[in-house]
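Subject: A structure for you to explore

Hi there,

Here is the structure I promised to pass on to you. Please open it next to this email and turn it around as you read.

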Amino acid sequence: MSNNVRPESMGRIAAPEQAQAFIAEQCAALKEQIGGKQVLLALSGGVDSSVVAALLIKAVGRQLVCVHVNHGLLRKGEPEQVVRVFRDAMGANLIYVDAADRFLDKLAGVSDPEAKRKIIGAEFIRVFEEEARKLDNIAFLAQGTIYPDILESGPVKAHHNVGGLPDDLKFELVEPLKFLFKDEVRVVGKALGLPDSMVYRQPFPGPGLGVRCLGAITRDRLEALREADAILREEFDKAGLAGKVWQYFAVVPDMKSTGVRDGKRTFDWPVILRAVNTRDAMSATVEELPWALLHKLTARITSEVPGVNRVLYDLTPKPSGTIEWE
Ligand code: XMP
């Protein structure tokens with residue numbers, strides 16, 4: 001086992017020069033470790049895996065093979081952004097797997113939140129494994145493990161890695177961020193030229209929109225959720241709230257209510273909006289959104305998102321609620 005204690009000699013990475021020094025040092029170490037071999041990375045587009053990808057591209061270029069699995073539960077525009085940033089702008093060796101149908105077929109009719117999580121996790125490993133088996137000469141598996149993962153859980157958290165791979169696919173691990181805290185990862189990401197929308201992205205759960213499309217997921221309700229979430233993010237950007245509020249998202253429950261549109265009765269879904277602040281996700285407070293913004297969000301979502309006739313704002317702190325609804 002390699003050492004999992006942050007070296008005392010390691011200073012805080014807060015300024016761009018410190019990030020550049022870290023990058024230079026890591027690139028040299030990664031080149032040395034990897035030599036002429038190939039490294040595989042599951043690139044979700046989240047902060048940690050994105051920064052690992054950018055670092056490895058700088059160190060070993062196309063010896064890094066990134067696999068982006070689109071499980072159909074990502075936010076609007078995210079898979080496209082991963083392809084644009086890594087393949088188009090950075091010239092990465094990127095395999096894009098559109099597995100949305102596979103995931104949604106497996107999830108059809110499943111309403112229990114933990115069962116949904118298990119299906120998404122297991123299917124993710126299966127898809128990733130299939131892609132890994134198509135490749136020759138992979139010797140290393142890169143992971144976006146960061147220091148809090150090590151501190152919190154000893155072994156790395158299940159949802160953060162692809163540790164469920166079968167024995168014949170156990171590669172040597174490459175974890176260049178394992179001694180960094182989240183704020184340091186962001187400084188390094190910025191220094192590597194990643195866009196702000198990636199580096200300062202709000203936390204997004206591994207099962208993605210799957211735990212916000214409550215109960216058994218259907219494609220039409222998932223689409224309504226994705227559109228409502230995109231409107232929420234756009235309005236938060238415009239209002240200057242995007243970097244200020246810790247986590248904000250939409251939820252669509254598996255129920256309908258009566259409404260009226262153009263003089264006709266409707267029977268449609270509500271969209272629940274949530275915006276919370278927290279330090280450690282153990283407890284959370286609700287952001288006091290301006291009334292005008294809530295009105296604007298309600299007007300846009302009810303007029304632009306098919307199948308939605310009401311908008312609600314969740315005023316529940318954690319506890320008694322959790323941040324997510326499932
Ligand atoms: P809760 O809902 O437990 O959420 O208050 C606390 C934080 O954890 C995130 N979360 C998850 N992240 N996989 C993840 O990677 C999950 O299954 C999961 N469930 C919740 C949630 O978004 C919040 O930031």
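Below is a short tour of what I found, going from the whole chain down to single residues.

**The whole chain**

Please keep in mind that this is a predicted model. The protein chain has 10 helices and 10 strands. Its radius of gyration is 21 Å, close to the 20 Å that the globule rule gives for 326 residues, so the chain is as compact as a globular protein of that length. Taken along the principal axes, the C-alpha atoms fill a box of roughly 70 × 40 × 35 Å.

How much of the chain is buried? Buried residues account for 50% of the 326 residues. As for the outside, the chain exposes about 15500 Å², and carbon and sulfur atoms supply 54% of that area. You can also look at how the chain folds back on itself: of the contacts between residues at least 6 apart in sequence, 77% join residues at least 24 apart.

**Two domains**

The domain assignment splits the chain into domain 1 (16-199) and domain 2 (212-313). Their C-alpha centres lie 29 Å apart. Where the two domains meet, 13 residues from domain 1 and 12 residues from domain 2 take part in the contact.

**The cores**

In soluble globular proteins, nonpolar side chains tend to be buried together. Here, the largest nonpolar core has 49 residues, and those with the most contacts inside it are Leu-40, Leu-222, Phe-236, Val-271, Leu-273 and Ile-301. Which element gives this core its largest share? That is helix 9 (residues 219-238), with 7 residues. The core also draws at least three residues from each of domain 1 and domain 2. Apart from it there is another core, of 41 residues, including Ile-34, Ala-53, Leu-64 and Leu-94.

Leu-273 is a good place to zoom in. Setting aside its neighbours within four places in sequence, Leu-273 is in contact with Leu-232, Phe-249, Ala-250, Leu-297, Ile-301, Val-311, Leu-312, Tyr-313 and Asp-314.

**Helix 10**

Two of those partners, Leu-297 and Ile-301, bring us to helix 10, where both are buried. Helix 10 covers residues 291-304, and its 14 residues reach 20 Å from the first C-alpha to the last, close to the 20 Å expected at 1.5 Å a residue. An α-helix has 3.6 residues a turn, so residues three or four places apart point the same way. Try comparing that with the buried residues of helix 10, which are Leu-293, Leu-294, Leu-297, Arg-300, Ile-301 and Thr-302. What do they pack against? Their partners are helix 9, strand 7 (257-261), strand 8 (264-277) and strand 10 (308-313).

**Two residues in other helices**

Glu-78 sits in helix 3 (residues 78-89). Is Glu-78 buried or exposed? The cut-off for buried is under 20% relative accessible area, and Glu-78 counts as buried because its value is 6%. Beyond its neighbours within four places in sequence, Glu-78 is in contact with Arg-201 and Phe-204.

Val-187 belongs to helix 7 (residues 182-191). Not counting residues up to four places away in sequence, Val-187 touches Ile-13, Ala-14, Ala-15 and Ala-19. The C-alpha atoms of Val-187 and Gln-20 are separated by 9.5 Å, with their positions 167 residues apart along the chain.

**Some backbone oddities**

Most residues other than glycine have a negative phi, and most peptide bonds are trans. With that in mind, have a look at these spots:

- Asn-137 is not a glycine, yet has a positive phi of about 65 degrees. Asn-137 is in the loop between helix 5 (113-133) and strand 4 (138-142), and counts as exposed at 66% relative accessibility.
- Ala-281 is not a glycine either, and has a positive phi of about 70 degrees. Ala-281 lies in the loop between strand 8 and strand 9 (285-286), and counts as partly exposed at 26% relative accessibility.
- Lys-318 and Pro-319 are joined by a cis peptide bond, with omega about -15 degrees. Pro-319 is found in the segment after strand 10.
- Pro-319 and Ser-320 are joined by a cis peptide bond too, with omega about 20 degrees. Ser-320 lies in the segment after strand 10.

Enjoy exploring, and write back with any questions.

Best wishes

Terms used
Residues numbered from 1 in each chain as written. Predicted model: local features only at pLDDT ≥ 70, side-chain atom pairs only at ≥ 80, totals over all residues. Heavy atoms only, no water. Core = buried A, V, L, I, M, F, W, Y, C linked by side-chain atoms within 4.5 Å. Buried < 20%, exposed > 50% of the residue type's maximum accessible area, 1.4 Å probe, protein only. Helix = DSSP H or I, 4+ residues; strand = E, 2+ residues; numbered from the N terminus. Domains from an automatic or database assignment. Contact = heavy atoms within 4.5 Å. Expected span 1.5 Å × (residues − 1). Rg over C-alpha atoms; globule rule 2.2 N^0.38 Å. Areas by Shrake-Rupley, 256 points an atom, 1.4 Å probe, with all protein chains shown as cover.
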